[in-house]
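The questions below ask why certain labels apply to a model of two protein chains. Each answer sets a value against the cut-off behind the label.

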Amino acid sequence: MPETAGGTTGATIELENLTKRYPGHPQPAVDDVTMEIRAGETVVFVGPSGCGKSTTLKMINRLIEPTSGRISINGEDVTHIDPVRLRRKVGYAIQSSGLFPHMTVAQNIALVPRMTGWSRPRIRDRVAEMLDLVGLDPAEFHGRYPRQLSGGQQQRVGVARALAADPPVLLMDEPFGAVDPITRDHLQDELIRLQRELHKTIVFVTHDFDEAIKLGDRIAVLRERSHIAQFDTPEAILTNPADDFVSGFVGAGAALKRLNLSRVRDVEITDLPVATVDDPLQTVFDRLRESGTNEILLLDRRGRPYKWLRRGDLMRAQGSLARAGALVTDTVTRDATLRDALEAVLTDNAGRVAVTGRHGEYTGVVDVQTLMNSVHELLEADRLDALEHQHDLEESRAARTHAEQEGGAGGRTE
Amino acid sequence: MNFWEYLGSRHQQLLVDAYQHASAVFQCMVAATVIGVLIGVVTYRSDWAGNLATTVTSTILTVPSLAMIGLLIPVVGLGVPPTVTALTLYGLLPIVRNAVVGLRGVDPALVDAARGIGMSRPARLLRVELPLAWPPILTGVRVSTQMLMGIAAIAAYASGPGLGNEIFRGIGSLGSRNALNQVLAGTLGIIVLALLFDAVYVLIGRLTIPRGIRA
């Protein structure tokens with residue numbers, strides 16, 4: 001196993017007909033789950049409490065032994081290997097961090113590498129590297145005990161511990177359930193950043209659909225007994241929920257939530273005539289006349305949006321631009337979500353907002369009309385995708401039912 | 001002869017008795033701790049086994065110590081053997097009970113986390129469960145020691161070692177000149193020893209309970 005942080009990337013996980021029955025219960029807790037999770041993908045299990053999502057997750061590292069079915073990781077059947085060996089290849093982070101209170105932060109993180117027999121200097125370096133990775137200063141946090149950390153810091157250390165031995169797979173069981181909303185938001189951003197660097201296969205359990213949308217490459221919406229109601233990209237689930245159960249779970253405001261998933265760079269940005277503060281007044285006049293628009297954007301010396309100038313402002317300027325026009329109060333970057341852009345457009349009294357590049361330089365303008373057109377296009381595309389996925393899902397389901405019926409004639413054991 | 005003169009003239013005998021008393025209690029405590037923690041470890045995961053262990057050890061404690069030693073004499077003879085056996089048996093209850101309660105009190109989420117990151121059963125026990133249960137176990141050991149200090153005095157009845165001899169001698173010769181001094185010297189000696197032991201436990205607690213879970 002390579003030792004760098006970017007070392008081992010994700011592995012595929014296949015669950016085949018995974019079932020868990022508890023003695024004394026007529027219904028299985030998890031009933032015949034089959035899914036394939038691709039390498040390097042973040043899959044979120046989301047569903048109401050008691051739907052078996054956590055049980056399904058715990059069967060992947062066999063904290064709960066499946067009654068029947070098969071689990072394979074990277075093609076290797078792990079259903080019957082030594083569970084201790086399996087778990088060292090699968091990182092595990094839980095709610096309220098699960099840090100051991102009698103060990104320091106460093107000792108907690110070093111646990112799995114120590115058990116796998118790494119050398120001392122290698123473990124020391126790795127601990128520092130992991131603390132760095134989750135955004136904690138190694139020198140400061142190394143010797144602290146968990147109770148001396150805030151909830152968010154504990155959770156970060158929990159993730160560092162789960163990733164310490166560089167497992168290809170990371171299982172997270174409602175890891176951010178017990179922290180306040182602001183910290184949770186930070187931790188989610190942090191996880192997204194981590195995942196961009198590491199490309200692990202992450203299986204994440206939550207009952208918060210917004211969290212699922214934010215983190216998941218794909219989301220599995222589970223209903224009772226872990227039946228998959230829909231397994232698709234967040235976009236597809238938002239625009240085309242498979243049934244009433246899913247749409248109920250998506251909740252109100254699906255279109256608005258959808259805006260969180262697209263960036264300003266995904267939509268059409270219009271151009272507006274611009275001038276810089278150093279241009280003589282006459283040039284500004286000419287540009288405005290040529291363009292035929294009602295408005296021109298004045299940039300400062302570094303190319304950043306500075307002022308909106310209307311025709312009337314120029315008339316009243318009387319030779320100096322110093323006091324004319326309205327200062328630009330709000331801009332969005334190309335990486336901002338469409339939701340942020342919409343927010344900015346709605347609060348702007350003229351219904352447009354300037355888009356800036358990496359260093360704050362002007363790159364274009366978004367207004368209500370272009371935003372609406374783009375969103376309609378996005379939603380339409382999503383809908384088509386979702387229909388296609390659904391069609392595939394139904395086909396595979398039909399194929400399975402068919403196979404089961406065939407098998408039924410030969411006497412299935414279950 | 002007043003008490004101080006008595007101490008002055010007998011201090012050698014008294015020191016030997018005190019040393020033997022402490023040594024007997026110490027050795028029995030070590031044995032009781034090892035056995036008690038083992039019983040705790042073996043039984044805490046099952047409801048009935050854990051309760052059985054606690055019930056049996058508390059039943060032992062209800063047997064009067066004089067009777068217990070008397071009953072042991074025909075089995076193991078006189079002197080040190082009945083003393084050690086009785087003290088170890090009496091010492092078990094607080095340790096077993098606290099070990100069971102302490103191990104059961106470990107947050108199940110932590111045990112789950114330990115399993116989840118791939119710790120084997122022995123590793124879980126040694127690295128997570130026992131360290132977390134150690135403060136209550138140590139409290140049990142401390143209570144046990146205080147109790148044994150007193151009970152060890154009875155051992156003199158079976159010709160066992162310790163300060164009990166002093167007390168028994170005094171009681172046997174009530175009315176004589178030194179009777180009161182003897183009883184007093186034995187009793188005070190035991191109290192001093194008990195306090196010394198307790199101080200040592202405070203120190204052990206400081207040294208062995210990790211900072212992260214120290215109250």
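**Labels and the values behind them**

Q: What is the bridge partner of Lys307(A) in S14(A)?
A: In this predicted model, Lys307(A) is bridged to Leu327(A) of S14(A). Lys307(A) is also the bridge partner, in S13(A), of Leu298(A).

Q: What makes S13(A) and S14(A) a pair of strands?
A: Pairing requires at least two bridges between the strands. S13(A) and S14(A) are joined by two bridges and run antiparallel, so the requirement of at least two is met.

Q: How many bridges join S12(A) to S13(A), and how do the two strands run?
A: Five bridges join S12(A), residues 295-299, to S13(A), residues 305-310. The two strands run antiparallel. Their hairpin has five residues between the strands, and Gly303(A) there takes a positive phi near 80 degrees.

Q: Why are S11(A) and S14(A) called edge strands?
A: The open sheet has the order S11-S12-S13-S14 in chain A, with mixed pairing. S11 (274-276) and S14 (326-327) of chain A each pair on one side only, and they are the edge strands.

Q: What is the phi of Asn74(A), and in which loop is the residue placed?
A: Asn74(A) has a phi near 55 degrees, a positive value in a residue other than glycine. The residue lies in the loop between strand S4 (68-73) and strand S5 (76-77) of chain A. As background, most residues other than glycine have a negative phi.

Q: Why does Asn74(A) count as partly exposed?
A: Asn74(A) has 15 C-beta neighbours inside 10 Å. Buried needs 20 or more and exposed needs 12 or fewer. The count of 15 fits neither label, so Asn74(A) is partly exposed.

Q: What phi does His199(A) have, and where is it found?
A: His199(A) has a positive phi of about 55 degrees, although it is not a glycine. It is found in the loop between helix H7 (181-198) and strand S8 (201-206) of chain A.

Q: Why is His199(A) called partly exposed?
A: There are 17 other C-beta atoms within 10 Å of His199(A). With buried set at 20 or more and exposed at 12 or fewer, His199(A) is therefore partly exposed.

Q: Why are H3(A) and H6(A) called roughly parallel?
A: The axes of H3(A) and H6(A), the latter being residues 151-163, cross at roughly 30 degrees and come within 7 Å. Angles under 35 degrees count as roughly parallel, so H3(A) and H6(A) are roughly parallel to each other. The crossing is right-handed.

Q: Which residues of H3(A) and H6(A) meet, and how do they divide by class?
A: Val105(A), Asn108(A), Ile109(A) and Leu111(A) of H3(A) meet Val157(A), Ala160(A) and Arg161(A) of H6(A). By class, the residues of this contact are five nonpolar, one polar and one charged.

Q: What makes H3(A) oblique to H4(A)?
A: The axes of H3(A) and H4(A), residues 120-133, cross at roughly 125 degrees and come within 9 Å. Roughly perpendicular covers 65 to 115 degrees and roughly antiparallel begins over 145. The angle of roughly 125 degrees belongs to neither range, which means that H3(A) is oblique to H4(A). H3(A) passes H4(A) in a right-handed crossing.

Q: Which residues make the contact of H3(A) and H4(A)?
A: H3(A) contributes Ala106(A), Ile109(A), Ala110(A), Pro113(A) and Arg114(A), and H4(A) contributes Ile123(A), Arg126(A), Val127(A) and Met130(A). The classes are seven nonpolar, no polar and two charged.

Q: How many residues of chain A and chain B are in contact?
A: 20 residues of chain A are in contact with 18 residues of chain B. Helix H2 (83-88), strand S6 (90-94) and helix H3 (105-115) of chain A each supply at least two residues of the chain A side. That side has twelve nonpolar, four polar and four charged residues.

Q: How many helices and strands does chain B have, and what share of its residues is buried?
A: Chain B has eight helices and zero strands. Of its 215 residues, 42% count as buried. The C-alpha trace of chain B spans about 70 × 40 × 20 Å along its principal axes.

Technical notes. Residues numbered from 1 in each chain as written. Chains lettered and ligands numbered in written order. Predicted model: local features only at pLDDT ≥ 70, side-chain atom pairs only at ≥ 80, totals over all residues. Helix = DSSP H or I, 4+ residues; strand = E, 2+ residues; numbered from the N terminus. Contact = placed C-beta atoms within 7 Å. Nonpolar A, V, L, I, M, F, W, Y, C, P; charged D, E, K, R; others polar. Axes fitted to C-alpha atoms, helices over the stretch in contact; angles between N-to-C directions. Left-handed = near helix turned anticlockwise from the far one by under 90°.
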